[in-house]
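Colleague: Could you take me through the nonpolar core of this chain, please? I would enjoy a close look at how that part is put together.

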Amino acid sequence: MDWKTFQALLSGVNKYSTAFGRVWLSVVFVFRVMVYVVAAERVWGDEQKDFDCNTKQPGCANVCYDHYFPISHIRLWALQLIFISCPSFMVVMHVAYRDDRERKYKIKNPDCEKLYANTGKKHGGLWWTYLVSLFAKTGIEVAFLYILHHIYESFDMPRLVKCEVKPCPNVVDCYIGHPTEKKVFSYFMVGASGLCIVLNICEIIYLISKRVVRIGNKFKRRHRSTAVRQNDYNSKEPFNNCHLAVPSRDRKDRPPSFKSAFKSSHGVSSLIMEEKIRASAPNLSSS
């Protein structure tokens, strides 16, 4: 397996990841890929040759080895690393789709604005793709841990196994090569896988909480804008508050309104007209 190509592919995911995603990528490379390439492959390289049984029955050692090791740890971990990397490529492909769509849109509409302010920003469909990739990686990690525990009944590596599978003539004792070393690497790889699961869960919580906070802030801004518009409408309509009771002392201090001025002018004009009529009328009382 060409791990340099694998590293080059995963490095493209790093620039689209959050802080938790970058830590996850570092853990995968340093604590899993490098340990796998440098040490684990050598430890499990000659496992079938070092699997010795106390019988010379032809085929017995091979059958017993296949019974206790249906799939090698080293091959199972290689398959696990490939599978957990596939969801990350979904994000890269989605960003590449956005870039291609942006390029075609600019060719057709050169004077228009861009479709995306930043094609690598986790908004809209890319946010959902990234979240689905995290759930997929977490599920794959848990599934492989379950498979490893189910096949070998535990994460432990025994020194001696007893085999009675045909063509073995009776119960045969078989000895595993480098059991302590294999046990150490098994627990180390399981611990690194558990750490990656924790990082994936933290990143899922971070993304969802950040999205909820953003939606809450957007709702608050919208509520504030509607409240400000309502206040502006009330301030532009002074007659909306005409039903409110005004204290008597405030009424004295207020300038005369249109109605009061009309009433006072109408009263003065009527008194003047009445005095003119009286002056022009003959004095009937003197006669």
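Modeller: Gladly! A word on terms: helices here are DSSP runs of H or I with at least four residues, and strands are E runs of at least two, numbered from the N terminus. On that basis this predicted model has eight helices and three strands, arranged along the sequence as α-α-β-α-α-α-β-β-α-α-α.

Now to the part you asked about. The largest nonpolar core holds 41 residues, and F51, C64 and C174 have the most contacts inside it. Two or more residues come from each of α2 (19-43), α3 (60-68), α4 (73-108), α5 (125-152), β2 (160-163), β3 (172-175) and α6 (179-236). Of these elements, α2 contributes the most, with ten residues.

C64 is a good place to zoom in. Leaving aside residues up to four places away in sequence, C64 touches F51, C53, C163, C168 and C174. Two of these partners, F51 and C174, are themselves listed with C64 as having the most contacts inside the core.

Do look for a second core as well: it lies apart from the largest one and has ten residues, including Y16, L126, L134 and L207.

For the wider setting, 30% of the 287 residues in the chain count as buried. Among contacts with a separation of 6 or more, 76% are between residues 24 or more positions apart. On the outside, the chain exposes about 19,600 Å², and carbon and sulfur atoms supply 61% of that area.

Definitions and conventions:
Residues are numbered from 1 along each chain as its sequence is written. This is a predicted model: local features need pLDDT of at least 70, side-chain atom pairs count only at pLDDT 80 or more; totals for chains, interfaces and linings use all residues. Side-chain values use heavy atoms; hydrogens and water are left out. A nonpolar core is a set of buried Ala, Val, Leu, Ile, Met, Phe, Trp, Tyr and Cys residues joined through side-chain atoms within 4.5 Å. Buried means under 20% relative accessible area, exposed over 50%, partly exposed in between (1.4 Å probe, protein chains only). Contact means heavy atoms within 4.5 Å. Accessible areas come from the Shrake-Rupley method with a 1.4 Å probe; for residues, only the protein chains shown count as cover.
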